[in-house]
Amino acid sequence: MHTEISSVPGAPERPNEDWASVAVPASGQGGTLVLLDGVTPPLDDDGCEHSVPWFTARLGGALTELSDSRPDLTLTGILSEAIRRTADAHRDTCDLSHVRTPQATVVLARWGAERVEYLVLADSVLLLRSPEGAVRAVVDDRLDLLPPGSLASHAITDATVRNKEGGFFTAAADPSVAARAVTGSAPAAEVRALVAMTDGATRWTEVFGMGDWADCFAVVAKEGPRGLIARVRELEASPSYAYRWKRHDDATVVYVEL
């Protein structure tokens, strides 16, 4: 197995709220990939005394440990238990019912001799490439299906669609959200490599339209995760770039050859 990870904050004065890991079990067989994109809260109170990086590190650590140590659990079960553990770590000090309690998007993959399992929640993306070079994207498209105006402001988003029926879901404090994730599996023989990306990196395809997912995978395979992020940053620097919330977002790319 070969893996590369690159993660670049959106601004040097702000902490990077993404989190990523690739782990190999002690047996040396199989492995796991975890990628989280922490959701930046508005400047007002979010009911929690902890930072988003604190949350993603806790959740990411739990996901990595459970993915490696509990082959009996499905990825949905692993995400549910990891959310519960993380919530328990600050349940006594924070208001976990707050709509902006720390939360994150999730990409989770686990592979062994027979199968590659995967899970995606919210707008991070997982790409699977076959030995023949075909690329398949695993996406949670609920954000793309929102009613017009749902993302017009933080207040509207939080009141109408964030972690609500008919809206979109993130990993926050409710373990039942794990059942909302997009999940599946493929025979191990049909997957040669994986790329996981937070939306700060998927902009190359989703915002700037520089190529489809197969083209995006090709950039990562040739130039590495850092190369894709550098391309995104160059595009974001253009004076004509009409961004909604942030010119630059935290961008993380994980590349794994199986």
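I began with F217, which I found to be buried, with a relative accessible area of 1%, in what I note here is a predicted model.

**Aromatic pairs**

I then looked up the ring pairs and counted three aromatic pairs. F217 and Y255 make up an edge-to-face pair, for which I noted 6.1 Å from centre to centre and 80° between the planes. Because F217 lies in helix α5 (residues 213–236) and Y255 in strand β10 (residues 251–257), I wrote down that this pair ties together parts that are 38 residues apart in sequence. I checked the partner ring as well, and Y255 is buried, with a relative accessible area of 2%.

I turned next to Y241 and Y243, whose ring centres are 5.6 Å apart with their planes at 45°, so I entered the pair as tilted. For the accessibility of these two tyrosines I noted that Y241 is buried at a relative accessible area of 12%, whereas Y243 is partly exposed at 37%. I also recorded that ring pairs link F208, Y241 and Y243 into a cluster.

**Cysteines**

I went on to the cysteines and counted zero disulfides. For C48, which is in no disulfide, I found that the nearest cysteine sulfur is that of C94, 3.4 Å away. Because a disulfide requires the two sulfur atoms to be within 2.5 Å, I did not enter C48 and C94 as bonded. I looked up the accessibility of C48 too, and at 11% relative accessibility C48 counts as buried. The last cysteine in my notes is C216, which counts as buried at 0% relative accessibility.

How values were computed
Residues are numbered from 1 along each chain as its sequence is written. This is a predicted model: local features need pLDDT of at least 70, side-chain atom pairs count only at pLDDT 80 or more; totals for chains, interfaces and linings use all residues. Side-chain values use heavy atoms; hydrogens and water are left out. Rings of Phe, Tyr and Trp (its six-membered ring) pair if their centres lie within 6.5 Å; planes under 30 degrees apart count as stacked, over 60 as edge-to-face and the rest as tilted. Helices (H or I, at least four residues) and strands (E, at least two) are DSSP runs, numbered from the N terminus. Buried means under 20% relative accessible area, exposed over 50%, partly exposed in between (1.4 Å probe, protein chains only).
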